[in-house]
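Got the model open in your viewer? Here's a short walk through it, one selection at a time.

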Amino acid sequence: MSTFSIMATAKAVPDRVVTNDDLAQIMDTSDEWISRRTGIKRRHVVTDETNTSLATNVAKQLLAKTHVSPEAIDFIIVATMSGDQLMPSTAAAVQGQLKAGHALAFDISAACSGFSYGLDVMNALLATHPDSTGILIGSEALSKLIDWHDRTTAVLFGDGAGGLLVTNRSVDAQGQFLSGQLDTYGADGDSLTMGKIANRSPFTDGQAQSDLPLHMDGHRVFDFAIRRVPESIQNAVAQAGLKLSDVDFFILHQANQRIVKSVARKLKLPFDDRFPINIDEYGNTSAASEAILLAELVAAGKVKRGDILVMAGFGGGLTTGTVVIKY
């Protein structure tokens, strides 16, 4: 259903910047080791900020840019796997802080595919609710859940939030949602896990231990990404009735620069400006990474009205999600 029009984009990142050299002071690593394997130079980590405050910051920017009142928002979706608490949802907290009392608000948990999943869900909501407006945000505070002694994961992740305000009001419609391809591979879910909560109720032996930090089998996840993400993109582009050559930008989840390069190669496309990268500045911000990158491209004037965008996420679940949008 072609009901999707992006009215504004925004991002927010924590003030504290942690460089690769900073990490080398607390673990056995180096700027050369991290940069060569991932493309990451810096990342932003929360100190006084929270997942909710980052997401709310983005939402307030979106309202200010579009002059839309909080009461006019119908839906708020936050894609995250690092909420400040299990309940209430981050989206509900954002709704409360915005005083957007008419908005239905809920979170989506699809790890690094969360923002793409959110785009598809938002489009489905708008398709059945004429003259509606929604806010979709990807927001993460992963630094709270990282084992800072594990260099295989600690060097990869950062915190931040990005989002967009969308509408299907005909007077404001300039873009289109062209297609979505969402897939889940649960049998491989143990290759990327986080936040295991033990059952310590009095009806068990009470010996179970929680395991909150993120764990990743890097080789399995890398192989998964370079095999499944190109498939997801090709399927979504075909569903939109387009060819890869019609796409102006492939905005991929910023997990690792090598993965983005490999996806371009699998698609038989050059790794050029159509595959933008900002992982050097932010690291892997999971559900926030596509949204942060899109906000930067729009702010820089690189993405223009009428451009065809492929937005593709992949990660925990395991999951892939690709949407094709006319901006």
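One term before we start: a residue is called buried when its relative accessible area is under 20%, and exposed when that figure is over 50%. Keep in mind, too, that this is a predicted model.

**Stop 1: S286.** Select S286, which sits in the loop between helix 9 and helix 10. Is S286 buried or exposed? Its relative accessibility is 0%, so S286 counts as buried. Now show what surrounds S286: beyond its close sequence neighbours (up to four places away), S286 touches M81, A111, C112, E140, L142 and H253. Two of those names, C112 and H253, come back right away.

**Stop 2: the annotated site.** Add C112, H253 and N284 to your selection; an unreviewed UniProt entry lists these residues under "active site". They span 173 residues in sequence, yet no two of their C-alpha atoms are more than 8.9 Å apart, so they gather at one spot.

Zoom in on C112 first. You'll find C112 in the loop between strand 5 (104–108) and helix 5 (114–127). C112 is buried, because its relative accessibility is 6%. Leaving out residues up to four places away in sequence, the contacts of C112 include H253, N284, S286 and E290, plus the run G313, F314, G315 and G316.

Next, move to N284. Its loop runs between helix 9 (279–282) and helix 10 (289–299). N284 is buried as well, with a relative accessible area of 6%. Setting aside neighbours within four places in sequence, N284 is in contact with C112 and H253, and also with I40, L142, L156, F157, G158, Q254, A255 and I279.

**Stop 3: a pocket.** Now select F249, F271, D272, D273, F275, P276, I277, N278, L293, E296, L297 and K302, which line the second largest pocket. How much space lies in this pocket? The answer is about 180 Å³. Which element gives the largest share of the lining? That would be helix 10, with 3 residues. Color the lining by type and you should get 7 nonpolar, 1 polar and 4 charged residues.

**Stop 4: helix 2.** Show residues 31–38, then highlight W33, I34 and T38, which are buried. They cover an arc of only 90 degrees around the axis, which puts them on the same side of helix 2. There's a simple bit of background to this: an α-helix has 3.6 residues a turn, so residues three or four places apart point the same way. What covers the buried residues of helix 2? The cover includes helix 1 (20–24), strand 3 (42–45), helix 6 (151–154), helix 8 (257–266) and helix 9. Just after helix 2, click on G39, where phi is positive, near 85 degrees.

**Stop 5: A236.** Go to helix 7 (residues 218–239) and pick A236. With a relative accessible area of 0%, A236 is buried. Then draw a distance from A236 to Q181: they're 55 residues apart along the chain, but their C-alpha atoms are separated by 5.3 Å. Apart from neighbours within four places in sequence, A236 is in contact with S179, Q181, T322 and V324.

**Stop 6: H102.** Finish with H102, in the loop between helix 4 (90–98) and strand 5. H102 counts as exposed, at 59% relative accessibility. Not counting residues up to four places away in sequence, H102 touches E71, I73 and D74. For one last distance, try H102 to N256: C-alpha to C-alpha, they are 39 Å apart in space, and 154 residues apart in sequence.

How values were computed:
Residues numbered from 1 in each chain as written. Predicted model: local features only at pLDDT ≥ 70, side-chain atom pairs only at ≥ 80, totals over all residues. Heavy atoms only, no water. UniProt positions renumbered as here; feature names shortened; annotations may be inferred. Helix = DSSP H or I, 4+ residues; strand = E, 2+ residues; numbered from the N terminus. Buried < 20%, exposed > 50% of the residue type's maximum accessible area, 1.4 Å probe, protein only. Contact = heavy atoms within 4.5 Å. 1 Å grid on protein atoms, 1.4 Å probe; cavity = no way out; pocket = protein on both sides within 12 Å on 5 of 7 lines; lining within 4 Å. Points joined across faces, edges and corners; volume = space filled by probe spheres on them. Nonpolar A, V, L, I, M, F, W, Y, C, P; charged D, E, K, R; others polar. Arc of directions from axis to C-beta.
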